[in-house]
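Reader: I should be grateful for a close examination of a single part of the model shown below. Please describe which of its residues are covered, what surrounds it, and how that setting connects with the rest of the chain.

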Amino acid sequence: MSCKAIPHFDLSMEHKLVERAKALKVNAGTEPDADLGPVISKQAKERIHRLIQNGVGSGARLVLDGRNIVVPGYEHGNFIGPTILSDVTANMECYKEEIFGPVLLCMEADSFEEAINIVNRNKYGNGASIFTTSGVAARKFQSEIEAGQVGINVPIPVPLPFFSFTGSKASFAGDLNFYGKAGVNFFTQIKTVTQQWKDLPGGTGVNLAMPTSQKT
């Protein structure tokens, strides 16, 4: 799921989002011109369809519907085209759940602070990005946002081998991240070696007491 919380959202921005999304090419992931491939399974496709319909039934505006897309040569594939829901609210199931599909949810915030609060109130904390020309706003976002992966004027850093996946809250399970330094540490076998070197007087033998337990 991608959720966009925008202070003072207007319809011109919505129209631009729709046009950009329509231009994305949906095809098999093995095709060189593909922007979006299929979702992982038939069950995943059905779940995404259900969440989209739940949003519509709860009052969201479906400004771009990608559910009926057909990809030539892959007519039975698990494809979903770019989909945009607007006027989404925090009580909708499509907002509460991680959709894991090409669905953009648009929410309007009254201020920058409210946009941050919208993100932080969600139980998930995979990642969040801000696009701004203000260094002050970027620093505030970086410090206050409750997400494991943060992008500033770039999309969310995807968990590649040189980054650790750092999702937080309900977007993370366990006590270790993977990839990056955390991944190296996970597969590292730690060895502890303790040594002592000094000249020993002849015939005194070796003192096997730990230094902290020796009597003076």
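Author: A residue is called buried here when its relative accessible area is under 20%, exposed when that value is over 50%, and partly exposed in between. The model is a predicted one, and the part chosen for this examination is helix 5, which spans residues 135-144.

Which residues of helix 5 are buried? They are A137, A138 and F141. Viewed down the helix axis, these buried residues fall within an arc of 100°, so they line one face of helix 5. A general property of such helices is relevant here: an α-helix has 3.6 residues a turn, so residues three or four places apart point the same way. On the other side of helix 5, the exposed residues are G135, V136, R139 and S143.

What does the buried face meet? The buried residues of helix 5 pack against helix 4 (112-121), strand 6 (127-130) and strand 7 (149-152). At the start of helix 5, a side-chain oxygen of S134 comes to within 3.4 Å of the backbone nitrogen of V136.

Helix 5 also carries a salt bridge. E144 pairs with K140, and their closest N and O atoms are 2.9 Å apart. The two residues both belong to helix 5 and stand 4 residues apart, about one turn of the helix. With a relative accessible area of 37%, E144 is partly exposed. K140, at 24%, is partly exposed as well. Elsewhere in the chain, salt bridges that share partners join E14, R61 and D87 into one network.

E144 leads back to helix 4, where N120 is located. Is N120 buried or exposed? Its relative accessible area is 17%, which is under the 20% limit, so N120 counts as buried. Beyond its neighbours within four places in sequence, N120 is in contact with E144, I145, E146 and K169.

K169, the last of these partners, lies in strand 8. Its relative accessibility of 33% falls between the two limits, so K169 is partly exposed. When neighbours within four places in sequence are left aside, K169 is in contact with V119, N120, N122, K123, Y124, G125 and E146. E146 is thus a contact of K169 and also a contact of N120. In the case of G125, 44 residues separate it from K169 along the chain, while the C-alpha atoms of the pair are 5.4 Å apart.

The wider chain gives the context for these details. Its secondary structure comprises 6 helices and 8 strands, arranged along the sequence in the pattern β-α-α-β-β-α-β-α-β-β-α-β-β-α. The chain has 216 residues, of which 30% count as buried. Among contacts with a separation of 6 or more, 50% involve residues 24 or more positions apart. The accessible surface comes to about 14400 Å², and carbon and sulfur atoms account for 56% of it.

How many salt bridges does the structure hold? There are 6. One of them joins the side chains of R50 and E93, with an N to O distance of 2.8 Å. This pair links distant parts of the chain, since R50 belongs to helix 2 (residues 42-57) and E93 to helix 3 (residues 93-96), 43 residues apart. R50 is partly exposed at 41%, and E93 is partly exposed at 29%. A further salt bridge connects R61 with D87, the closest N and O atoms being 2.6 Å apart. R61 lies in strand 2 (residues 61-64) and D87 in the loop between strand 3 (83-86) and helix 3, so the pair ties together parts that are 26 residues apart in sequence. R61 has a relative accessible area of 31% and is partly exposed; D87 is partly exposed at 41%.

The surface also holds a nonpolar patch. L176, F186 and F187 form it, with about 390 Å² of accessible area together. L176 is placed in the loop between strand 8 (168-169) and helix 6 (180-186), and at 44% relative accessibility it counts as partly exposed.

How values were computed. Residues are numbered from 1 along each chain as its sequence is written. This is a predicted model: local features need pLDDT of at least 70, side-chain atom pairs count only at pLDDT 80 or more; totals for chains, interfaces and linings use all residues. Side-chain values use heavy atoms; hydrogens and water are left out. Patches are made of residues with over 30% relative accessible area and no salt bridge: like charges are joined within 9 Å, nonpolar side chains (Val, Leu, Ile, Met, Phe, Trp, Tyr) within 5 Å. Accessible areas come from the Shrake-Rupley method with a 1.4 Å probe; for residues, only the protein chains shown count as cover. A salt bridge is a side-chain nitrogen of Lys or Arg within 4 Å of a carboxyl oxygen of Asp or Glu. Buried means under 20% relative accessible area, exposed over 50%, partly exposed in between (1.4 Å probe, protein chains only). Contact means heavy atoms within 4.5 Å. The arc is that of the directions from the helix axis to the C-beta atoms. A polar contact is a pair of N or O atoms within 3.5 Å; within protein, one must be able to donate a hydrogen and the other to accept it, and residues adjacent in sequence count only if both atoms are side-chain atoms.
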